[in-house]
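Work through the exercises below with the sequence and the 3D structure at hand. Each task is followed by its solution in steps.

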Amino acid sequence: MSALVLALFAGAVVGLALGALGGGGSVLAVPALIYLLGFTPAAATTASLLIVTATSLTALYAHARAGHVRWKAGAAFAAAGVLPAALAGAAAARLPQAALTIAFAGVAALAAVMMLRPAAAAAESRGVRPGRAAGAGAGLGALTGLLGVGGGFLAVPALVTVLAFEMQAAVGTSLLVITVNSLASLATRFGAAGSLDWAVVGPFTAAAVLGAWDGKRLAAKVSGPRLQRLFAFVLLGVAAFMLVEAVM
């Protein structure tokens, strides 16, 4: 199968995830870029940030039109992650490739576990604490910079459990967080973007942007818990595969 076809297919899946779940695109984009398209882990994380930023902006527009974005709370949550994202992005270039792969797999597995846990009860049992929210935002920013992930797959559970958002608002607002964190991390990787294979990254991004619109429509038809469970099992499979590859 040609690289172009693989890029288009993977981009469509990434866009569907971001549009429907408000996150998870980068957790699929990085392994696809590495194992299907032959990118190095460092190049894959940079390309993933570019792809996820463009796709998140598209999905954010769609969710904002539906009134599912809480701008003030989302901006404050994202602001806490800007500096950690920039610092971690600069540090990522100095880490071994295998360490990044293992760390990425661990984060994907953690995200899957969080998505399989019932979040509603946690949201009811905790008040909204500014310190907790700031800590969660900073942690997401650091992950974005270090691993090239937008953080949405962790932002959605965090917004539900820490800020007590309902699912639709968490999905829409997470896209704002993803966009801000990804831009902050990209600022430290600007020089690396020029060496990317744009014949692959361009079609991948275009397919992801189109997929985000379909994902938004899918979210309106399929229940949030069902989507979360399906995506969680996909993440567990990706995490297991990456860990085996890194160890072998």
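**Exercise 1. Describe the largest pocket by its volume and its lining.**

Step 1. The largest pocket has a volume of about 220 Å³. A pocket here is an open set of points on a 1 Å grid over the protein atoms alone, with protein on both sides within 12 Å along at least five of seven lines, and lining residues have an atom within 4 Å of a point. A volume is the space filled by probe spheres set on the points, which are joined across faces, edges and corners.

Step 2. Lining this pocket are 11 residues, and the closest to its centre are Val13, Leu16, Ala17, Leu230 and Phe231.

Step 3. At least two lining residues come from each of α1 (3–21) and α12 (224–247); α1 gives the most, with five. Helices are DSSP runs of H or I with at least four residues, numbered from the N terminus.

Step 4. By type, the lining holds 11 nonpolar residues, no polar and no charged ones. Nonpolar covers Ala, Val, Leu, Ile, Met, Phe, Trp, Tyr, Cys and Pro; charged covers Asp, Glu, Lys and Arg; the others, Gly among them, are polar.

The model is predicted: local features need pLDDT of at least 70 and side-chain atom pairs pLDDT 80 or more, while totals for chains, interfaces and linings use all residues. Residues are numbered from 1 along each chain as its sequence is written, and side-chain values use heavy atoms, without hydrogens and water.

**Exercise 2. State which residues form the salt bridge and where they lie.**

Step 1. The structure holds one salt bridge (a side-chain nitrogen of Lys or Arg within 4 Å of a carboxyl oxygen of Asp or Glu). Its partners are Arg70 and Glu166, at 2.6 Å from N to O.

Step 2. Arg70 sits in the loop between α3 (41–65) and α4 (71–92), and Glu166 in the loop between α8 (152–161) and α9; the two are 96 residues apart, so the pair links distant parts of the chain.

Step 3. Arg70 has a relative accessible area of 33% and is therefore partly exposed; Glu166, at 43%, also counts as partly exposed. With a 1.4 Å probe and protein chains only, buried means under 20%, exposed over 50%, and partly exposed in between.

**Exercise 3. Check the span of helix α9.**

Step 1. Helix α9 has 20 residues (167–186). The expected span is 1.5 Å times one less than the number of residues, so α9 should span 28 Å.

Step 2. The end C-alpha atoms of α9 are 28 Å apart, which agrees.

Step 3. In α9, 16 of the 20 residues are buried.

Technical notes. 1 Å grid on protein atoms, 1.4 Å probe; cavity = no way out; pocket = protein on both sides within 12 Å on 5 of 7 lines; lining within 4 Å.
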